[in-house]
Amino acid sequence: MSAADGDRVARVLVADDQAVVREGIVMLLGLLPGIEVVGSARDGEEAVALTSELGPDVVLMDLRMPRCDGVEATRRIRDRHPGTEVVVLTTYADDDSLFPALRAGARGYLTKDAGGEEIERAVRDVIDGRAGLSPAVQRRLLERLIDRDGRDGRAERDGGDGGDGWGDRDDRGDRDGWGDPNTRGEPSVTGGGLGTRPGASGGSSGPGVDGLTERETEVLVLVADGLSNPEIAGRLRISTATVKTHINNLFAKTGVRDRVQAVRYAYQHGLVRAPGRRVT
């Protein structure tokens, strides 16, 4: 993503209570041609106020801050400024941090070990209507979906509903795209990928489904395993550019729009039994 590539420059606000971290993120983003930092906030209250004043495209939001934490700030920003997206950038990737942030309206979630390229990609993804999630977060979402599907199956046999309350609707309905109002507790990402329950495709098809080549299938499995493009390139001994080509091809063939949907596709079609474990 860059202005030279024809994409408009993304206006970003950074919110983090630690001055050294905040200034470091601002400095890092300042080196990226596709991003303009329009301001920085020391806590959630200031993030909400500066969003009203500056109208950024994206807020990079820390979670654990004084006065108003990142979850509450995200909720206020999404309620008051639906044109501004939120990407969480935090040290924490546990369920108690991840899922409340997504429920509050965050469309992206990264940990602070993310590099500039990953942050830039997440910013552009959420602006373009996709989910901006790190590979580790993608895997955690898939694990939760698999666990939930197992509970649903057991509950159906036992006559219960199997719900755990995650992803339940609140009074804002499905505005943020993470919960289908017709499917309690199922997160959905733009398009059909995560909005469909496991197995809804009618069963496993195995490698070669939808015309995927053997190499494209290998790349898809590694995406499902949570590997980044450079890691996939190293594993398969090919260039990062070649990995991107394979990913673009398999996205086109399978109809998925982002890596989250690709992970779910791999699970649905029997290419992986569980996150990180290939079917053999």
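## Around helix α2

Just after α2, G55 takes a positive phi, about 60 degrees. Keep in mind that this is a predicted model. At the other end of the helix, where α2 starts, D43 gets involved: one of its side-chain oxygens comes to within 3.1 Å of the backbone nitrogen of E45.

Helix α2 itself covers residues 44–54, and its buried members are G44, E46, A47, V48, L50 and T51. As general background, an α-helix has 3.6 residues a turn, so residues three or four places apart point the same way. What do the buried residues of α2 pack against? They pack against three strands, β1 (10–15), β2 (35–41) and β3 (58–61), plus one helix, α3 (70–80).

## The sheet

Now for the sheet. Six strands make it up, it is open, and the order reads β2-β1-β3-β4-β5-β6, with parallel pairing. Its edge strands are β2 and β6 (132–133), each of which pairs on one side only.

Strand β3 has its residues split between two directions: V58 and L60 point one way, V59 and M61 point the other way, and all of them are buried. On the β1 side, four bridges hold the parallel pair β1 and β3 together, and V14 has L60 as its bridge partner. Over towards β4, β3 again runs parallel to its partner, with four bridges joining them; here V59 sits opposite V86. To get from β3 to β4 the chain goes through α3, and this β-α-β crossover is right-handed.

## T90 and strand β5

Where does T90 sit? It belongs to strand β4, which takes in residues 85–90. Strand β4 also runs parallel to β5 (residues 108–111), and four bridges join the two. Across that pairing, T90 stands opposite T111.

Is T90 buried or exposed? T90 counts as buried because its relative accessibility is 0%. Leaving aside residues up to four places away in sequence, T90 touches D62, L63, Y109, L110, T111 and K112. So T111 turns up twice for T90, as the residue opposite in β5 and as a contact.

## Rings and charges

How many aromatic pairs are there? The count is zero. There is a charge over a ring, though: R64 lies over the face of Y92, at 3.5 Å from the ring centre.

Technical notes: Residues are numbered from 1 along each chain as its sequence is written. This is a predicted model: local features need pLDDT of at least 70, side-chain atom pairs count only at pLDDT 80 or more; totals for chains, interfaces and linings use all residues. Side-chain values use heavy atoms; hydrogens and water are left out. Buried means under 20% relative accessible area, exposed over 50%, partly exposed in between (1.4 Å probe, protein chains only). Contact means heavy atoms within 4.5 Å. A polar contact is a pair of N or O atoms within 3.5 Å; within protein, one must be able to donate a hydrogen and the other to accept it, and residues adjacent in sequence count only if both atoms are side-chain atoms. Two strands pair if DSSP finds at least two bridges between them. A crossover is right-handed if, with the strands pointing away from the viewer, the path from the first strand over the helix to the second runs clockwise. Rings of Phe, Tyr and Trp (its six-membered ring) pair if their centres lie within 6.5 Å; planes under 30 degrees apart count as stacked, over 60 as edge-to-face and the rest as tilted. A charge sits over a ring if NZ of Lys or CZ of Arg is within 6 Å of the ring centre and within 35 degrees of the ring normal.
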